[in-house]
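Visitor: I would like to go through this model label by label. Please show me the chain, and I will ask what each term rests on.

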Amino acid sequence: WMDYEEYRHMLKFKEECEMYYWYGQKTHDASGKSTMIDENGQPVVSGPGLFEQIINKDTYSTLTQAKIEAVIGDLFYGMTDATDKQVTLYTGVGGAREFDKALRNYYSAGTYLQTTESKFITGSGRNLGITGYFTSYEHIDGHTVNVVKVPLFDHGPVAQASKKHPESGLPLESYRMVFIDQSTYDGENNLQMINKKGRELLRWAVAGSVVPKGFANSDTRASDIDGASVHMLKSAGILLRRFDTSLDLECVAS
């Protein structure tokens, strides 16, 4: 029971960390003074999440190939000094469906696209299946966008409080598309994880009448409680070094 309970606690802890990386807000003003104080009068230091760092914002109701091409072309026009150009589209289930549907509609309307190869139909006779979904897009300017689904956009606290899409019933947050520039500039990755030295990940236990597994066996006890607790701590944040080459695209369908 202890191992399973600690595993669930670890998953919850990681989900809270991911929430902070995306939705976190800074707790200091322009001068660096903390605007959040704890019960002891000490400043609570928290950096901005990705959404607060991205300055380019846009909306859409129904995604089209023309929208994708225009957005990507305008957004990444200034990436001339980038090496290992890599753009990742983070979205939920709804956004992945919308991306696939936009490209399917575009190519189905083009009579120039003809192929005799089996790209979308598998099997033969009475045993046929449909396959083949668009999960990447290569722009004429040379940028390739790869789609990555984020479960947090589908089932996280923000998604649960989000309005529903009028057609699918999924949260509108599931249709949110975040284009992140993960290229390399001056030999450094544009997207970086930063950690406070010595606080990358701490794990400790407060023992009661029992000592949790993974800790040194000892007769020493911290309290007379018939139980124990396991704690985790992490001081980290997400850093977008070049914040004007990424885009937060929200769905406003109604």
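Visitor: What makes β2 and β7 a pair of strands?

Guide: This is a predicted model. Four bridges join β2 to strand β7 (residues 177–181). At least two bridges are needed for a pair, so β2 and β7 count as paired. They run antiparallel. Thr88 stands opposite Ile180 in β7.

Visitor: How many bridges does β2 make with β6, and in which sense do the strands run?

Guide: Five bridges, and the two strands are parallel. β6 covers residues 144–149. Thr91 faces Lys149 of β6 across the pairing.

Visitor: Why is β2 called mostly covered?

Guide: Residues 87–91 make up β2, and five of the five are buried. Buried means under 20% relative accessible area. Both faces are covered. Val87, Leu89 and Thr91 are buried on one side, Thr88 and Tyr90 on the other.

Visitor: Why does Phe179 count as buried?

Guide: Phe179 belongs to strand β7. Its relative accessibility is 3%. The cut-off for buried is under 20%, so Phe179 counts as buried.

Visitor: What is Phe179 in contact with, leaving aside its neighbours within four places in sequence?

Guide: Val87, Thr88 and Leu89 are among its contacts. So are Ile72, Leu75, Phe76, Val145, Ser246, Leu247 and Leu249. Asn146 is 33 residues from Phe179 in sequence, with 9.3 Å between their C-alpha atoms.

Visitor: Which residues of α3 are buried, and what do they pack against?

Guide: In α3 (residues 65–75), the buried residues are Gln65, Ile68, Val71, Ile72, Gly73 and Leu75. They pack against β1 (56–60), α4 (93–108), β5 (136–138), β6, β7 and β14 (247–251).

Visitor: Why is Thr59 called partly exposed?

Guide: Thr59 is in strand β1. Its relative accessibility is 41%. Buried needs under 20% and exposed needs over 50%. The value 41% lies in between, so Thr59 is partly exposed. Beyond its neighbours within four places in sequence, Thr59 contacts Lys67, Leu249, Glu250 and Val252. Ala253 is 194 residues away in sequence, yet 9.3 Å away in space, C-alpha to C-alpha.

Visitor: What makes β3 and β4 a hairpin?

Guide: Two residues lie between the strands. β3 (residues 121–124) and β4 (residues 127–130) pair in the antiparallel sense over four bridges. Gly123 stands opposite Leu128 in β4. In the turn, Gly125 has a positive phi of about 60°.

Visitor: What is notable about the phi of Asp186?

Guide: Its phi is positive, about 55°, although Asp186 is not a glycine. Asp186 sits in the loop between β8 (184–185) and β9 (188–189).

Visitor: Is Asp186 buried or exposed?

Guide: Exposed. Its relative accessibility is 74%. The cut-off for exposed is over 50%, so the label follows.

Visitor: Why does Asn189 count as partly exposed?

Guide: Asn189 is in strand β9. Its relative accessible area is 45%. That falls between the 20% and 50% cut-offs, so the label is partly exposed. Outside its neighbours within four places in sequence, Asn189 contacts Ser183, Thr184 and Arg241. Ser209 is 20 residues along the chain from Asn189, and 48 Å separates their C-alpha atoms.

Visitor: How do you know that the chain is more spread out than a compact globule?

Guide: The chain has six helices and 14 strands. Its radius of gyration is 23 Å. The globule rule gives 18 Å for 254 residues. The value is well over the rule, so the chain is more spread out than a compact globule. The C-alpha trace spans about 75 × 55 × 40 Å along its principal axes. Of the 254 residues, 35% count as buried.

Visitor: What is the volume of the largest pocket, and which residues are closest to its centre?

Guide: The space is about 600 Å³. Of the 23 lining residues, Tyr20, Val45, Ser46, Gly47 and Ala236 are closest to the centre. α1 (2–23), β10 (191–195) and β13 (236–240) each supply at least two lining residues. The lining divides into 13 nonpolar, seven polar and three charged residues.

Methods: Residues numbered from 1 in each chain as written. Predicted model: local features only at pLDDT ≥ 70, side-chain atom pairs only at ≥ 80, totals over all residues. Heavy atoms only, no water. 1 Å grid on protein atoms, 1.4 Å probe; cavity = no way out; pocket = protein on both sides within 12 Å on 5 of 7 lines; lining within 4 Å. Points joined across faces, edges and corners; volume = space filled by probe spheres on them. Nonpolar A, V, L, I, M, F, W, Y, C, P; charged D, E, K, R; others polar. Buried < 20%, exposed > 50% of the residue type's maximum accessible area, 1.4 Å probe, protein only. Rg over C-alpha atoms; globule rule 2.2 N^0.38 Å. Contact = heavy atoms within 4.5 Å.
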